[in-house]
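Trainee: Before we discuss the fold, could you put the sequence and the coordinates in front of us, so that I can follow each step on the structure itself?

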Amino acid sequence: MRLVSILLLALLAAGCTPNGTLTLFDSFGDDDDSAGSAADDDDVAPDDDDDDIAPDDDDIAPDDDDIAPDDDDIAPDDDDVVPSDCDNGPAGETASAAALASALDIGTTELVSVVGSTQAEMMAVRTGLGGLCPIIGPDVALLSTGQVSNIEAAQDFDYPGTGPDGAAGDLAELTLLLAVPPEASSMRFHFLFLTREYPEWVGGPYNDAFEAEVDGPAYAGPVARDSLGEPFSVNSPEVVPEVGVPNWLTGSGFDKDGATPWLRAAVPVAGGETLTLRFWIYDSADGIFDSAVLLDGVQFFAEGIDAPTVTQVWP
Ligand SMILES: [Ca+2]
Ligand SMILES: [Ca+2]
Ligand SMILES: [Ca+2]
Ligand SMILES: [Ca+2]
């Protein structure tokens, strides 16, 4: 049995304040700034080249930078993907399944019913986790294979006696019955998977996983699969220690571990029908080294798609 690793984090004050989280999303803006910096670097090049042709080439680079924001504008909700602020409110609070549905930005006309994990301490509504901010609206839903109150302290939690090595009990889930708007042809939701199994147990048996499935008339089956076609786990290529944003996991409790960027799953839906959307996350092989998932922004769109997709939306 593995030793429980209790990582006592010194929560950096900057990482727990709006300023700290602003830093992260300023960094999102900094991506554009970085591109601008690159253009600035290019600006140096033309001077070195001291001919007219090179500056013309460099003019192309800023134009490329302009294209990136334009791409973001293509998806109407991507404008919402850049919150201006995120306040890491009080940690340690659990929440009802209904509160989680609200954090998922599901309208009252769309929510038929919601059922959460039997372990309330494995679910929470958060306004942020460390420097990670919501994608849509002021808050996110959090599911954990441990106690949500201990996440930022990197304290793993095993629910003993509930199955082999306790693993069977370390399951958190949220099941939503949704009424699809009549004009909708696709549904999207956003997720960010974090696991303390990274990197020690890559390729090992402790592949905690986040899964999602939809059961509806237009599509029934798994959604939110990784690039290998598998549930998101420590073995997913998308689980990484860094995404190019400094200190992106600072204060989350997963500082020394790995996570995915914010990803967006899309799935075909049938307008006017109802569907079941289920999220669940679980420890594998034993109940320790917890994993968690942030869920946000369940939205319907008129745009039709042929099959489920996953797209990175941040950074
Ligand atoms: Ca939200
Ligand atoms: Ca780890
Ligand atoms: Ca685990
Ligand atoms: Ca656990």
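Mentor: Two strands pair if DSSP finds at least two bridges between them, and please keep in mind that this is a predicted model.

Trainee: How many bridges join β5 to strand β12?

Mentor: Strand β5 covers residues 186-195, while β12 covers residues 291-301. The two run antiparallel, and one of the bridges sets R188 of β5 against Q299 of β12. The number of bridges that join β5 to β12 is 9.

Trainee: Which residue in β10 stands opposite S186?

Mentor: Strand β10, residues 262-268, pairs with β5 in the antiparallel sense over 6 bridges. Looking from S186 across to β10, the residue that stands opposite is P268.

Trainee: In β9, which residue is the bridge partner of T195?

Mentor: Strand β9, residues 258-259, is also antiparallel to β5, and the pairing rests on 2 bridges. The bridge partner of T195 there is G258.

Trainee: How many residues of β5 are buried?

Mentor: One side of the strand carries S186, R188, H190, L192 and L194, and these are all buried. On the other side M187, F189, F191, F193 and T195 are buried as well, which brings the count for β5 to 10 of its 10 residues.

Trainee: How many residues does the largest nonpolar core have?

Mentor: F191 and L192 are among the residues with the most contacts inside that core, as are A141 and L295. Leaving aside neighbours within four places in sequence, A141 is in contact with L295 and with others, including L100 and V125. The size of this largest nonpolar core is 74 residues.

How values were computed
Residues are numbered from 1 along each chain as its sequence is written. Chains are lettered from A and ligands numbered from 1 in the order in which they are written. This is a predicted model: local features need pLDDT of at least 70, side-chain atom pairs count only at pLDDT 80 or more; totals for chains, interfaces and linings use all residues. A residue is buried if 20 or more other C-beta atoms lie within 10 Å of its own, exposed if 12 or fewer, and partly exposed in between; C-beta atoms are placed from the backbone. Helices (H or I, at least four residues) and strands (E, at least two) are DSSP runs, numbered from the N terminus. A nonpolar core is a set of buried Ala, Val, Leu, Ile, Met, Phe, Trp, Tyr and Cys residues joined through C-beta atoms within 7 Å. Two residues are in contact if their C-beta atoms, placed from the backbone, lie within 7 Å.
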